[in-house]
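Me: I am new to this structure and would like some help reading it. Could you walk me through a few features?

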Amino acid sequence: MAGVPGRRSTGHRRPVMSDLPIPSSPFGALREQLLEAAKTFADGPDALADILTGMVDDVDHALREPLEIFPVCHHSPASALAMARRLREKQPKVIYLELCEDLQPLLQELQNCRLPVALQAFASELDGFPSTWGPLSVVAPITEASAEYQAIAYALTTRDVEIVLVDRSTDHVFQWDPHGSGKGESAVDTTPEAAGTQPHAGKTPGAAGTAAPSPSPASGSPASALGSAQPDEEQAENAALHGEAVGIQVGHLRPRFGELEEHLLRHGKVQHWSEWWDQYVEQPLINADYDTYRQVMALIGSLFRRLTPANDRRLAIDEERERYMWTRIREHLAASGVDRSDCIYVCGAFHAVSRVAEFGSDGAHTYQISPRTKTRWLYGVIPSSYSAIEAQFGHAPGTVSIAAATWNKALKRTGITPFRLQRSQSGKKPTKAKRSSTSAPASTEPVTDRLSTFLASPPLLDSFDEAELLGWCVEIVRLARDNGYLASTADAIAVFETSILLANMRGRRRPTPYDFTDAAITCIEKDSVPKRRDVRRLCEILFGGDRVGRVGYDSLPPLARDVYDRLAPLGLALEKHTLQRALLDLRAKPELQPCSDLLWRLRYLLPPEVVRPIMGERHLGKRSIQESWDLGLGKYQRALIELGYEGVTVEQVLEKRLRQAVHARQATAATALAAVEDSLLYLDNPRLTDNLGARAVRLLAAERTVDDAPEVLRRIRRLLAYYRANQPGLPDWFQEFVTAGYAHYCTLLPTVCLDEQTTVEHVAAVLGFLFSMENLALSLGCDRTQLELAVLQSHPETPGKQALIWAAQHLLGRLSLSELRERCDELLANPLVLPSFPQYLSGFVQALEPAPALAPFVVELISKAFARLPDSVLLPWLPTLLITLRNQGGAMLPRLIDEAGRTFPARLSDVDSWVPPWERRASGTAAPAADSADAPVPGGPVTDLLIAYPASVDAVANLLGCEGTWRSPGDSAAAGPQSLISPEVSALLADYPATAHAAADLLLTSAGR
């Protein structure tokens, strides 16, 4: 039929109740009216009649069930008020609630919490689900203005009352998702206003949240074009309280057919679904009697159910849930023997009109519940907030705040006393009120038609509350001034008049909070937001703000309570929702050292914003004597609670994480060394450190690449320095790591030099490990021949690696500095090699890692390159040089800068006359002589000794590349090179000859032997 969105083809049409013989129904007259309307307004009576009469039959079907069904909508003040009325009237003995059954033990913990909070099921170790899904998390937010909270509070505060959660377990939430997204919940919508929760690749499937809503265009809304500004930082933090968990809510009601929702919004002249629901359902039902409420809610549930598209996979999951819930209800009725008239079943209106075969407490069909997986689920209560609920389920910002304000206002107007959980004293069980024996008896009166009267009667318009609107206008102007807006009394008047105008345009007699918000944005919002909060956010604050819940001490996991107890000496109110500044003077108050240790461990385990050091640091062998911390354990309570799922104490969790890190499938030697460092920093557990170190040795021996060689080198050097400074000797695992690493990298060196995937930095790190650990490795029994053979067998094909091998040969004594200099000069003189010379130079820069003594040569080489390379080669290479120096700046730049400071002139006036030392050496000219340049060679015992035994001096001169001739005492500088001994030294030896004679006698005695 044209004009009916979501119509199924006749081949997929559900059974039409109007075509079947049905017993006498109190809604017969209403069915006939709807059939006549279908014939009048539709092309034919078939399709529209099926929908309209089917809705009436669904209501009749739900009301005929002997077990009283209470249809609800999530976070609905009307549902909460109707629930409070009905519970006080009927006082049932058993309440069946649509909520995951494995969350039942958490209900008792709500009495220690400040709402809103969320019941959470969490699993990090998966067994039966793909490992890429983990960790899995499910949350069920609870607010006071909700029917489920009223039912829970009634059951927990009344004697002889039992509440039974009957929905499928959190394990089944993920089992029943055929697409592996972990959504599996009809509460998580995919309508245009609530984006779907399909995970991104590589993300946790159960960790996808519902996107914030995008307001639909609404006619008659002057503020709709402005959109919604970005939330401030505080609001964004509160909206993320649920993390990436899947949301569960009782009684989700929202069209699953996008065209239907768009149609309702456009003709209702509203911006988003929350506003439509508040205007056309919430306000009319908030004062309705119980029978009218039940029938209208069931009718709405039937409408949304029958207009669900045929290909909506969530409908199949919902039907499985309904079979599950009715099976659990029948099992409990059979086991307890309770009379159905003393029970009530609280579920979403969508499920109240279910047509599954298992429907009803007398259902004859059996349903086989599948077993849970072996995944170990952990349970707890975490803080929630209004903005987190809105972000989780796709509500418009401020929806839950307005619902809370509506709830409080309705309580004052009606005088109804809601059920509330009183916070229990620590260690004491709360007292329960006795169930009244004068509860209303089970009604035997037949169901009467309230729908006809409700649908035919015009809505009761609320009287215009001028005082309330004036208060809003004055308060929003005050808030706007406090937040930087140039608002005045004229703006308050404009907001007042515009609110009334918008309400009249939208067919409302009384301006709603949504009308007022649009009017305030229109009249006060300027081109820019002067501070963090825009006018929309100020209106949310006006209507109650974003309330953040808190979990009480007694409901916290043992780890969280232990943290609060151990930090008690700080004297801070850590449970507050504000940052607390902790100042620790460990020298004046050494008793605070355990608090400092615990804070550093929490810093390691928790997100950085929870525990943040302002002053102080902790490194290997270094600890601060004064520390300052910003502590947000109350503000970010969820992170601490989820940490409590992993163990009983912080130390246990830290040890567990370190062991998991080194035994993970992708663990490397660098990972294990990092775990060793963390163990030394945060735990006083030598046995754990030795186990982690032994694991590092095994991981290193199993590696076939050198991708982590730079990280291994940095960490092993730090650990070596720490053990030498703080321990009497090196631990056994460290010695084994050095010997194994020496042999391992010697074996891999020829291969990595030829591997194109291995960079110059990695080869430099390998050589750095071999040469920096060489002395220790040789003392532990390694053979230097292995290193020499590895270098001789290395034949790299790239210039950078070739430069590294030359540096290694120089360190081994197989290539002198003069020979190395000649090779580089030949490269600079060869025009065919000039384009690749920067790569050689980059290799020599990297060679400072294994050979820091080459710093003077590298400075010389860089200077020659800048002097001789043409601009066409030099300029493209400069970025590579800068990037190399920046990446390795911590290790290489200080050496190069110090050596450059010794090489180049210190004064600008000396630059013109300065000659580089390598050019003087090449031309054979001497350095500028001192005042004693022409002085004769002094005599004395030292000179005589050197002339008598010149072999050692000649060997040193050859090693250093110095050339010269021997002169006799008394020869002047004109006859040969400059004297080796200055006159000052000669004068000193002449004045005090005893020391020189003693040294000469010692050397002569040694030479005689």
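Reply: Happily; we will look at two helix pairs and then one residue, keeping in mind that this is a predicted model.

Me: How are two packed helices described?

Reply: Two packed helices are described by the angle between their axes and by the distance between those axes. Take helix 26 (residues 732-754) and helix 29 (residues 784-792): they pack at an angle of about 15°, with their axes 8 Å apart. That angle is under 35 degrees, so helix 26 is roughly parallel to helix 29. Their crossing is left-handed.

Me: Which residues in helix 26 meet helix 29?

Reply: They are Tyr742, Ala743, Cys746, Thr747, Leu749 and Pro750, and their partners in helix 29 are Arg784, Gln786, Leu787, Ala790 and Val791. By class, this contact has eight nonpolar, two polar and one charged residues.

Me: What is the handedness of the crossing of helix 31 and helix 33?

Reply: That crossing is right-handed. The axes of helix 31 (residues 817-829) and helix 33 (residues 855-868) come within 11 Å and cross at roughly 15°, so these two helices are also roughly parallel to each other. The residues of their contact divide into six nonpolar, no polar and five charged.

Me: Now a single residue: is Glu144 buried or exposed?

Reply: Buried means under 20% relative accessible area; Glu144 counts as buried because its relative accessibility is 19%. Glu144 lies in the loop between strand 5 (136-142) and helix 4 (147-157).

Me: What does the side chain of Glu144 make a polar contact with?

Reply: With the side chain of Arg420, at 2.4 Å. Beyond its neighbours within four places in sequence, Glu144 is in contact with residues including Leu115 and Trp407.

Conventions:
Residues numbered from 1 in each chain as written. Predicted model: local features only at pLDDT ≥ 70, side-chain atom pairs only at ≥ 80, totals over all residues. Heavy atoms only, no water. Helix = DSSP H or I, 4+ residues; strand = E, 2+ residues; numbered from the N terminus. Buried < 20%, exposed > 50% of the residue type's maximum accessible area, 1.4 Å probe, protein only. Polar contact = N/O pair within 3.5 Å; in protein donor to acceptor, adjacent residues only side chain to side chain. Contact = heavy atoms within 4.5 Å. Axes fitted to C-alpha atoms, helices over the stretch in contact; angles between N-to-C directions. Parallel < 35°, antiparallel > 145°, perpendicular 65-115°, else oblique. Left-handed = near helix turned anticlockwise from the far one by under 90°. Nonpolar A, V, L, I, M, F, W, Y, C, P; charged D, E, K, R; others polar.
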